[in-house]
Each structure stands twice: as C-alpha cells, then as structure tokens.
Amino acid sequence: MQVDKTQKLGKIDYKVTRWMYKYGKPLLRISIAVVFIWFGALKVVFDSPAQELIAATVFWFDPEIFIPILGVWEVLIGLLMLSRKTIRIAVILLFLQMPGTFLPLIILPEVCFEDFPFVLTTEGQYIIKNLVIIAAAIVAGGSVREREFVEQDLKSADAENE
C-alpha cells in the first residue's frame, strides 16, 4: 500500500515538475515583461508611486524629462523580453538600468531603512526586490542557448552531482 502511494506521488511530482520545467522560463520571461511594461508605463504618464523617490535620487536631472525617459526605457525592456529573439537586448538594457535602482540605498538611506542595515521601509523593500528581477533576467538570458547547453549536457550550478 505504501509503495503504491509513493509511486502515485512520484508520478504526480514528475508531471508537475515537468510542467514547471517546460513552462517556467517562458512564464518568468513574460512576468518580467509585464512588470517592466506596467511600471514603465506608469512613469511615462507620471502616475508611478516611485516618482518622488526617483526625483530625489537623481536630483541632478529634471524629473519632468528623466522619469518619462526612464519609463520608456523600462517599457522597451518589457517589450523586448516578450520575444526570445530579443532577450539579449532586453537583458543588456536591464543591466544598464539596474544599478540606478539601487542608488537610493546609498543616496537616501533614511528613506530606505527604518533601522540600518536590516529593517527596510516599503521603499527599501521595493528596491531590494530588484535582486529577484536580476536573477530572473539571468535565467531568461541563459535560456537563449538552452538547446546548445542541453546537447553539451551542461548542468546548472545547483544541479545535484549525479
């Protein structure tokens, strides 16, 4: 009886993880696209909750000009993420943009931390979540040559030794 349950769970686990393996990277790529298009569009129409933070961080630029340009840049990243053919360009644009997103941690620590260095404000959390976006972009970018890597039997750095 126990073996039967274990086999059933194994089959279910296989089906679920196979589905995640097959669709995870496209869903990740599309999710990144949605976030960038959405957040960027809000900046273009001056309706982003991050506007004040951006303006205070890059105070040397006119926010009336800089924020919409940043928004267009983000929308472009999102649109380029939608196609596998343009992921490389999207990742390059994303990596050019990302360092600026961490500037408030240095320039405005009083806005980002309730108690430095561990207790973040909502703004600080908004910034730190970009670490997940960076990792997601790396995964999406790494998928561009996936077929070639599979053929070479290249393993992920976190794959168990077989």
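This is a short talk about how a few helices pack in one predicted model, plus some backbone oddities.

Okay, ground rules before the pictures. It's a predicted model, so local features need pLDDT of at least 70 and side-chain atom pairs count only at pLDDT 80 or more, while totals for chains, interfaces and linings use all residues. Residues are numbered from 1 along each chain as its sequence is written, and side-chain values use heavy atoms, with hydrogens and water left out.

When I say helix or strand, I mean DSSP runs numbered from the N terminus: H or I with at least four residues for helices, E with at least two for strands.

Let's start with H4, residues 87-101. How far apart are the end C-alpha atoms of H4? They're 20 Å apart, and that agrees with the 21 Å that its 15 residues should span at 1.5 Å a residue. The expected span here is 1.5 Å times one less than the number of residues.

Now, who packs against H4? One partner is H3, residues 63-81: the two axes come within 8 Å and cross at roughly 150°. Axes are lines fitted to C-alpha atoms, for helices over the stretch in contact, and the angles run from 0 to 180 degrees between N-to-C directions. So H3 and H4 are roughly antiparallel to each other. On that scale, under 35 degrees is roughly parallel, over 145 roughly antiparallel, 65 to 115 roughly perpendicular, and the rest oblique.

The crossing of H3 and H4 is left-handed, meaning the near helix is turned anticlockwise from the far one by less than a right angle; clockwise would be right-handed.

Which residues make the contact? On the H3 side we have Leu70, Trp73, Glu74, Leu76, Ile77, Leu80 and Met81, and they meet Ile87, Ile89, Ala90, Val91, Leu93, Leu94, Leu96 and Gln97 in H4. By class, the H3 and H4 contact splits into 13 nonpolar, one polar and one charged. Contact means heavy atoms within 4.5 Å. For the classes, Ala, Val, Leu, Ile, Met, Phe, Trp, Tyr, Cys and Pro are nonpolar, Asp, Glu, Lys and Arg are charged, and the others, Gly among them, are polar.

Leu76 sits in H3, and at 39% relative accessibility Leu76 counts as partly exposed. The cut-offs: buried is under 20% relative accessible area, exposed is over 50%, and partly exposed is in between, with a 1.4 Å probe and protein chains only. The C-alpha atoms of Leu76 and Ser156 are separated by 29 Å, with their positions 80 residues apart along the chain.

Next partner: H8, residues 130-142. H4 and H8 pack at about 160° with axes 10 Å apart, so this pair is also roughly antiparallel. H4 passes H8 in a left-handed crossing. From H4, Ile87, Val91, Leu94, Phe95, Met98 and Thr101 meet Asn130, Ile133, Ile134, Ala137, Ile138, Ala140 and Gly141 in H8. That contact has 10 nonpolar, three polar and no charged residues. And back on H4, the buried residues include Ile87, Val91, Leu94, Met98 and Thr101.

Zoom in on Asn130 in H8. Is Asn130 buried or exposed? At 5% relative accessibility, Asn130 counts as buried. Leaving aside neighbours within four places in sequence, Asn130 is in contact with Met98, Thr101 and Phe102. Ala135, in H8 too, is partly exposed at 40%.

Two other helix residues, quickly. Gly124 in H7, residues 122-128, is buried at 0%, and its C-alpha is 9.7 Å from that of Glu110, 14 residues away in sequence. Glu146 lies in H9 and is partly exposed at 23%. Not counting residues up to four places away, Glu146 touches Tyr21 and Lys25.

Last bit: the backbone. Most residues other than glycine have a negative phi, and most peptide bonds are trans. Which peptide bond is cis here? The one from Phe116 to Pro117, with omega near 5°. Pro117 is in the loop between strand S1 (113-115) and strand S2 (119-120).

Then there's positive phi. Phe46 has about 55°, in the loop between H1 (2-44) and H2 (51-57), and is partly exposed at 34%. Asp153 has phi near 60°, in the segment after H9 (146-151).

That's my tour.
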